[in-house]
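This report introduces a protein model to a reader who has not met it before. Please keep the sequence and the structure at hand while reading.

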Amino acid sequence: NAIESVLSSGQLILGPNVQGFETEFASWCGSNYGVGVANGTDAIFLACKAMGLKDGDEVITVSNTAVPTVSAITAAGGIPVFVDVDPKTCLMDVKSVQSKITNKTKLILPVHLYGQTVDMDPLIEIAKDKNLGIIEDCAQAQGALYKDRKAGSMGDIGAFSFYPTKILGTFGDGGLCITNSANLRNQLKKL
């Protein structure tokens with residue numbers, strides 16, 4: 001019935017159902033705002049742009065991520081800088097992040113995978129200390145918890161994919177950015 005209602009309304013893009021999903025999903029994740037986008041790659045690309053990434057800025061991410069994470073960084077003008085994984089979790093080795101920070105570093109982009117999240121508290125401390133932004137890649141982590149906080153709610157922006165094979169897939173493709181910042185929400189909407 002819900003699908004038939006959307007199809008018969010003719011509002012397949014944007015509209016009240018998308019606005020409702022943006023609000024409900026953001027709230028479910030523990031964030032104030034959600035902005036729907038075309039796909040997960042666009043979610044990362046637009047998050048990078050909303051965070052002010054400029055050509056030549058560096059983005060620290062993990063080496064075992066999927067191509068879309070890196071292609072979104074490069075499409076936004078950034079230079080990916082890779083850190084290795086923690087052998088116990090196969091997620092970003094937070095201890096190796098500090099050594100990769102240069103005067104060109106603008107963002108840190110942890111990738112949550114396997115129903116787990118990156119060790120976010122020390123990563124947030126590093127980002128605060130160095131005045132860096134954090135974009136969480138949550139394409140494979142809808143609902144994953146870190147100390148009772150959901151993936152995507154701890155950094156500046158959480159980027160989600162709803163590709164049909166993801167944990168929460170759509171009929172087609174889709175993505176979403178979540179944030180607690182009204183300014184970043186407005187930037188994402190403009191973009």
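Which residues do ring pairs link into a cluster? The cluster consists of F21, F25, W28, F160 and F162. The structure is a predicted model, in which local features need pLDDT of at least 70 and side-chain atom pairs count only at pLDDT 80 or more, while totals for chains, interfaces and linings use all residues. Residues are numbered from 1 along each chain as its sequence is written, and side-chain values use heavy atoms, with hydrogens and water left out.

## Aromatic pairs

Five aromatic pairs are found in a search of the whole structure. Rings of Phe, Tyr and Trp (its six-membered ring) pair if their centres lie within 6.5 Å; planes under 30 degrees apart are stacked, over 60 edge-to-face, and the rest tilted. One of the pairs is edge-to-face and joins F21 to F162, at 5.5 Å centre to centre and with 80° between the planes. This pair ties together parts that are 141 residues apart in sequence, because F21 lies in helix α2 and F162 in the loop between β8 (157–161) and β9. Helices (H or I, at least four residues) and strands (E, at least two) are DSSP runs, numbered from the N terminus.

F21 has a relative accessible area of 36% and is partly exposed, whereas F162 is buried at 3%. Buried means under 20% relative accessible area, exposed over 50%, and partly exposed in between (1.4 Å probe, protein chains only).

F25 and F160 form an edge-to-face pair too, with 4.9 Å centre to centre and 85° between the planes. Distant parts of the chain are again linked: F25 belongs to helix α2 and F160 to strand β8, 135 residues apart. Both F25 and F160 are buried.

## Strand β8 and its partners

Strand β8 contributes F160 to the second of these pairs. Five of the five residues of β8 are buried. I157, A159 and S161 on one side of β8 and G158 and F160 on the other are all buried, so both faces are covered. In a regular strand the side chains alternate between the two faces of the sheet.

Two strands pair if DSSP finds at least two bridges between them. Strand β5 (residues 133–137) runs parallel to β8 and is joined to it by three bridges, and D137 has A159 as its bridge partner in β8. The pairing of β8 with β9 is antiparallel, over four bridges. There A159 has C177 of β9 as its bridge partner.

Elsewhere, β2 (residues 58–62) and β3 (residues 79–83) pair in the parallel sense over five bridges. I60 has V81 as its bridge partner in β3. The chain passes from β2 through α4 to β3 in a right-handed β-α-β crossover; right-handed means that, with the strands pointing away from the viewer, the path from the first strand over the helix to the second runs clockwise.

## Pockets

On a 1 Å grid over the protein atoms alone, a pocket is an open set of points where a 1.4 Å probe fits, with protein on both sides within 12 Å along at least five of seven lines; lining residues have an atom within 4 Å of a point. Grid points are joined across faces, edges and corners, and a volume is the space filled by probe spheres set on the points.

| Pocket | Volume | Lining residues | Nearest the centre |
|---|---|---|---|
| Largest | About 1,000 Å³ | 28 residues | L12, V18, F21, T170 and D173 |
| Second largest | About 240 Å³ | 18 residues | A66, P68, A139, S161 and K166 |

At least two lining residues of the largest pocket come from each of α1 (2–9), α2 (15–29), β1 (33–37), β9 (175–179) and α6 (182–190). Its lining has 18 nonpolar, seven polar and three charged residues. Here Ala, Val, Leu, Ile, Met, Phe, Trp, Tyr, Cys and Pro count as nonpolar, Asp, Glu, Lys and Arg as charged, and the others, Gly among them, as polar.

For the second largest pocket, α3 (40–50) and α4 (67–75) each supply at least two lining residues, and α3 gives the most, with three. This lining divides into seven nonpolar, eight polar and three charged residues.

## Two loop residues

Most residues other than glycine have a negative phi. K147, however, has a positive phi near 50°, and D148 has one of about 70°. K147 is in the loop between β6 (145–146) and β7 (149–150), as is D148. K147 is exposed, with a relative accessible area of 56%, and D148 is exposed at 73%.
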